[in-house]
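Colleague: I'd like a close look at a single part of this model rather than the grand tour. Pick a helix, and tell me what it packs against and what goes on at its two ends.

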Amino acid sequence: MRREFLSGAVEEHETRHRRRVLIVTAVLTLIAISPVLGHHLTTRLSDAFAGQDHLWSICLVALHELLAPVHSLFHVLLLAGVVFAITDRARAWRNIRRTLGILATRRPTPDTPIWDAARCAAVPVDVIRVAEGLPNPAFTTGWFRPVIFVDARLQFELTPDQLAAVLAHEYAHVSRRDPARLTSLRALGCMLFWLPALRRLADDVADDAEIAADNFAVRGEPIVLASAILQLARWPTGAAHDDGTTRQMDGGRSVVGFQRDAMLDRRIHRLLGNEAPIVTHVTWRSILAGFAGLALAWSSGIAVAHPMSAGSAHCAHQHAWALEHLFCQAGQSRTGDTVCPHEQLSAR
């Protein structure tokens, strides 16, 4: 159902953008992994190269020798990326647990503003936890069983309608399981860290999650939600320690909620019915770096698919580097002589 504060064109544009981001993310992941693992899973490309040692004047055997170290490097990068992703996600989870572990949390009690707001917003109270001194006033965390954390002071800072809008927003993240979805995308970005565009696309998905939660929480009163967002944007971040200092939550990367970021203007403007252009996190630099990485991955993956055994005798020489052998037929005579110059070198 179309939201009354959005025009049909704006909502359609946002939907198309959301789909494009997800499709590009999936395609980019497939394209990045395929050349690294593809030839290990099937022999079709190797069979196609069998008995063929040259492509025009390019020696495929020499190309194999030149790019084999590059292909091996991508195997190392993929393994390092898996370790990096596991470490990064574990660190984020540990930081969240450590931050929340120093705080005493409780469920909302009946006849309190948070309880009443939850009932008004149709949010189950068993997914809400209340605490003093949270690093963010309201956020959702939890990969398997998402939970909404609300700072106790929030019930005194917001009106009942604003508080209900905040809880409805966070419950949208719970219903969509956004923490697990976003942490999976960020883990994917860590795994393929040599493709910076992938991590930026994950940030775009996080932005779309906030927009979708806003749409869910509007409940016919977009100005109420907009005012609540502005109120929370002024909230001091950092969890209180016993010694009076504060602990910053490490972005959570699996935490979703009201946070200071570049999305603030867009969210406020669209809730007020103004034009709010979609700004992507993807930059031209990340795109160019991605193209360069994919070009190396694919060229090396295709090159090593050439069966060396089929042309080993062709390249059995001890007097030249593979780079010198790359265009071994470039100087052949017009008489049709296809003798490789390196066969002559190795016979000397």
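Modeller: One term before anything else: two residues are in contact, or touch, when they have heavy atoms within 4.5 Å of each other. Keep in mind that this is a predicted model, where local features need pLDDT of at least 70 and side-chain atom pairs count only at pLDDT 80 or more, while totals for chains, interfaces and linings use all residues. Numbering starts from 1 along each chain as its sequence is written, and side-chain values use heavy atoms, with hydrogens and water left out.

First, some context. The chain has 13 helices and 9 strands (DSSP runs numbered from the N terminus, with H or I over at least four residues for a helix and E over at least two for a strand). Of its 348 residues, 47% count as buried (under 20% relative accessible area, with exposed meaning over 50% and partly exposed in between, using a 1.4 Å probe and protein chains only). Among contacts between residues at least 6 apart in sequence, 76% join residues at least 24 apart.

My pick is helix H4, residues 113–120, where Ile114, Trp115, Ala117 and Ala118 are the buried residues. Looking down the axis of H4, you find these buried residues within an arc of 165 degrees, so they line one face of the helix; the arc is taken over the directions from the helix axis to the C-beta atoms. The spacing is a familiar one: an α-helix has 3.6 residues a turn, so residues three or four places apart point the same way. As for what covers the buried residues of H4, the list includes strands S4 (128–131) and S6 (147–151), along with helices H5 (154–157) and H6 (160–176).

Now the two ends. Ahead of H4, Asp111 sits in the loop that runs from strand S3 (105–106) to H4. Its phi is near 65 degrees, which is positive even though Asp111 is not a glycine. With a relative accessible area of 71%, Asp111 is exposed. Past the other end comes Ala122, another non-glycine with a positive phi, this one about 60 degrees. Ala122 belongs to the loop between H4 and S4, and at 60% relative accessibility it counts as exposed. Both are worth a second glance, as most residues other than glycine have a negative phi.

That H4–S4 loop also holds Pro124, which counts as partly exposed at 32% relative accessibility. Pro124 and Tyr171 are 47 residues apart in sequence, yet their C-alpha atoms are 8.6 Å apart in space.

Val123 is where things get busy. Setting aside residues up to four places away in sequence, Val123 touches Ala118, Ile128, Ile148, Leu167, Ala168 and Tyr171. Val123 is also among the residues with the most contacts inside the largest nonpolar core, together with Ile128, Ile148, Leu154 and Leu167; that core has 34 residues. By nonpolar core I mean buried Ala, Val, Leu, Ile, Met, Phe, Trp, Tyr and Cys residues joined through side-chain atoms within 4.5 Å. H4, S4, S6 and H6 each give two or more residues to this core, as do helix H9 (222–233) and helix H10 (263–271). H6 provides the largest share, 7 residues. Apart from this core lies another one, of 25 residues, including Ala32, Val36, Leu78 and Leu185.

Since H6 is one of the elements covering H4's buried residues, it deserves a closer look too. Take Val174, which lies in H6 and is buried, with a relative accessible area of 10%. Leaving out neighbours within four places in sequence, its contacts are Thr140, Pro146 and Ile148. Ile148 is also on the list of residues that Val123 touches. In addition, Val174 and Trp143, 31 residues apart along the chain, have their C-alpha atoms 9.8 Å from each other.

Finally, H5 and H6 are linked by a loop where you will find Thr159, partly exposed at 40% relative accessibility. From Thr159 to Ser227 is 68 residues in sequence and 10.0 Å in space, C-alpha to C-alpha.
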